[in-house]
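Here is a set of short exercises to work through with the structure open beside you. Try each task on your own, then follow the solution step by step.

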Amino acid sequence: MSFPPAPPRSTALASGQASVKIGGLGLGTPVMLAPMAGVTNPPFRQVCREFGEAALTDLAGTGAGQAQPEHDGAEGVRHGSFAPTGLYVCEMITSRALVERSPETMRMIEPDPGDPVRSIQIYGVAPASVGESIRLLVANGYADHIDLNFGCPVPKVTRKGGGSALPWKHDLFEMIVCSAVEAASQASGGSVPVTAKFRIGIDDDHETYRDVARICEDAGIAGLTLHARTTAQHYSGKAQWQYIADLAATSSLPVFGNGDVFEAEDALAMMETGADGVVVGRGCQGRPWLFYDLVAAMHGSDRRMRPNLGEVCEIIMRHARLAVAHFGDEGRAMREMRKHVGWYMRGFSVGGQLRRDLGLVDTLDDLRAKLDRLDLDQDYPEAASGPRGRAGGEKRPHLPEFWLDSHELSEQQKAKIHEAELGISGG
């Protein structure tokens, strides 16, 4: 079965001065939208990106955020080489599902057509499969940037040696990152960078981040993202930003920090650790306008977006229409939107019954009618700010038997590591 070429891009070229470079890829704003399963599909990525672009537009009139094109010669900046408002990463794609052309995975890799840089995160435990999936993506125009996922703490993944458990095995980790870099380089002529996302380690007694950085540098990885928690922490407690500071001070690669960025001020504080950029996940759930704030802050502005409920409802409808166009199925799009609507409503006075009704919408007209029942004049509430997402508590890491005995795979572990290869994308 042939691999279909990616849809064409918008005709507008992205140009500007990079504040940070990842290989040959320039970021005008050092921000990434973290890949989140079931969340960062093309409609959501587009809405987030549009808010970032709105910030640049608003700042242009003040003289802030304006940049001169960075290029050599008259050809300008090629498509895929410059991201003015940062990277908006596709939800995690598994290498096996991609190589097998899983229909749902093929839908998930559809790009946001207006995004100047197509960014996809890959998960896999088999070096050959990871390399082949990246070759297919890059050669067919689906990716200008590849991120490798080594940060997933979910027990169903780690108990088989995948996700955030995998970096403990230096031999397997090295084979995967080397295969990924080689595939991206061969398919793109060296123009598509590969980055890696990982955690501090398994727990406080089993750190891996320094070894990960060393192996990545040797393999040709172009940038690092550290989620400043261990596998045991999962998403609980406070992210330990001191590890981001340590990695930024000791690594020769650009370092992006991840963990507990819920406001633009959090991003600025994280940058003070020495990080080259920030990665935002749960903080933007139901709040895509956070990217307006982030872009404004990164360009030195104190502008912030605080929409009232009526404005939030128009954002919801924009998001919903994009979802219908993406899925080609209004019912499915509305089922996907239900969780988003709940997040969008956070902090506003909605009422229990109407909140439940909004969780059952099945058409665009139904969504519009229910939103129109709200008190649309409500100002943006303080409760809509701050931490979002389920944090939970610290958990004992679930690992394969004898996993921590060595940094090398045993013969038994080699025979079973394929079980950590997910057959579905997104989680």
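**Exercise 1. Sort the residues of strand 9 by the way they point, and say whether they are buried or exposed.**

Step 1. Gly223, Thr225 and His227 point one way from strand 9, while Leu224 and Leu226 point the other way. In a regular strand, side chains alternate between the two faces of the sheet.

Step 2. All of these residues are buried. Buried means under 20% relative accessible area, exposed means over 50%, and partly exposed is in between (1.4 Å probe, protein chains only). Strand 9 is thus mostly covered, with five of its five residues buried.

Before going on, a word on the model. It is predicted, so local features need pLDDT of at least 70 and side-chain atom pairs count only at pLDDT 80 or more, while totals for chains, interfaces and linings use all residues. Residues are numbered from 1 along each chain as its sequence is written, and side-chain values use heavy atoms, with hydrogens and water left out. Helices (H or I, at least four residues) and strands (E, at least two) are DSSP runs, numbered from the N terminus.

**Exercise 2. Which residues are bridge partners where strand 9 meets strand 8 and strand 10?**

Step 1. Strand 8 and strand 9 run parallel and are joined by five bridges. Two strands pair if DSSP finds at least two bridges between them. Lys197 has Thr225 of strand 9 as its bridge partner.

Step 2. Between these strands the chain passes through helix 7, in a right-handed β-α-β crossover. Right-handed means that, with the strands pointing away from the viewer, the path from the first strand over the helix to the second runs clockwise.

Step 3. Strand 9 also pairs with strand 10, in the parallel sense and over four bridges. Here Leu224 has Val255 of strand 10 as its bridge partner. Strand 9, helix 8 (residues 241–250) and strand 10 form a right-handed β-α-β unit.

**Exercise 3. In what order do the strands of the barrel follow one another?**

Step 1. Eight strands close into the barrel in the order 3-5-6-7-8-9-10-11, with parallel pairing. From one strand to the next, the twist averages 25 degrees. Axes are lines fitted to C-alpha atoms, for helices over the stretch in contact, and angles run from 0 to 180 degrees between N-to-C directions.

Step 2. Follow one join as an example: strand 10 (residues 255–258) and strand 11 (residues 277–280) pair in the parallel sense over three bridges. In strand 11, Gly277 is the bridge partner of Phe256.

**Exercise 4. Describe how strand 6 sits between its partners, strand 5 and strand 7.**

Step 1. Strand 6 (residues 119–123) has five of its five residues buried. Ser119, Gln121 and Tyr123 point one way, and Ile120 and Ile122 the other way.

Step 2. Strand 5 (residues 87–94) pairs with strand 6 in the parallel sense over four bridges, and Ile93 has Ile122 as its bridge partner.

Step 3. Strand 7 (residues 145–150) also pairs with strand 6 in the parallel sense, over four bridges. Ser119 stands opposite His145 in strand 7.

Step 4. Together, strand 6, helix 4 (residues 127–139) and strand 7 make a right-handed β-α-β unit.

**Exercise 5. What do the buried residues of helix 4 pack against?**

Step 1. Check the length: helix 4 has 13 residues and reaches 18 Å from its first C-alpha to its last, close to the 18 Å expected at 1.5 Å a residue. The expected span is 1.5 Å times one less than the number of residues.

Step 2. Its buried residues include Val130, Ile134, Leu137 and Val138. An α-helix has 3.6 residues a turn, so residues three or four places apart point the same way.

Step 3. The buried residues of helix 4 pack against helix 2 (95–99), strand 6, strand 7 and helix 6, where contact means heavy atoms within 4.5 Å.

**Exercise 6. Why does Thr208 count as buried, and which residues does Thr208 touch?**

Step 1. Find Thr208 in the loop between strand 8 and helix 7.

Step 2. Thr208 counts as buried because its relative accessibility is 4%.

Step 3. Leaving out residues up to four places away in sequence, Thr208 touches Pro167, Trp168, Arg199, Ile200 and Gly201.
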